[in-house]
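Student: I should like to understand how the terms used for a protein fold are justified. May we take them one at a time?

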Amino acid sequence: MERLKRRQDFVAAARALYAAMPGMVVQMRARGDDAPPRVGFTATKKIGNAVVRNRVKRRLRELARSGLAPQARPGHDYVLIGRQPTFTRAFPDLEKDLSAALKRLHRTAHLPADKGTP
């Protein structure tokens, strides 16, 4: 999957649908094209120092590789935002969180809605 790197892509995803789970927050934005899906990762300073943030991002990257890639839809951007529990949560639980978030987002993506978890 391609990576999101520009700030404007992250800002656009922040205005789209999101699903908050115990281990992470997943944002999804439909771009309106048929290009391959893209993914971005965020870990704020609130969750810890640089060591913690980097470990959280490594865990999110592995989740995206193993769990997001098969379920991602073409023409969509996904942003995985790390939370405090992402650092210590068991990896199978993170995989369940990601799967549940994607199901929720894909189920409600066709409905016109404001920003927020449906």
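Student: Which residue in β5 stands opposite G40?

Tutor: G40 stands opposite V79 in β5. The model is a predicted one, in which local features need pLDDT of at least 70, side-chain atom pairs count only at pLDDT 80 or more, and totals for chains, interfaces and linings use all residues. Residues are numbered from 1 along each chain as its sequence is written, and side-chain values use heavy atoms, without hydrogens or water.

Student: What makes β4 and β5 a pair?

Tutor: Two strands pair if DSSP finds at least two bridges between them; strands are DSSP runs of E with at least two residues, helices are runs of H or I with at least four, and both are numbered from the N terminus. β4 and β5 have five bridges, in the parallel sense, so the definition is met.

Student: How do you know that β1 pairs with β4?

Tutor: β1 and β4 (residues 38-42) share two bridges, also in the parallel sense. The definition asks for at least two, so they count as a pair. R3 stands opposite V39 in β4.

Student: Why is β4 described as largely enclosed?

Tutor: Buried means under 20% relative accessible area, exposed over 50%, and partly exposed in between, with a 1.4 Å probe and protein chains only. Four of the five residues of β4 are buried, and therefore the rest of the structure largely encloses this strand.

Student: What joins β2 to β3, and in which sense do the two strands pair?

Tutor: A hairpin of three residues joins β2 to β3. The pairing of β2 and β3 is antiparallel, over four bridges, and Y18 stands opposite Q27 in β3.

Student: Which side chains of β2 are buried?

Tutor: L17 and A19 point to one face and are buried, whereas Y18 and A20 point to the other and are not. In a regular strand the side chains alternate between the two faces of the sheet.

Student: What is the order of the strands in the sheet?

Tutor: The open sheet has five strands in the order β1-β4-β5-β3-β2, with mixed pairing. Its edge strands are β1 (2-3) and β2 (17-20), each of which pairs on one side only.
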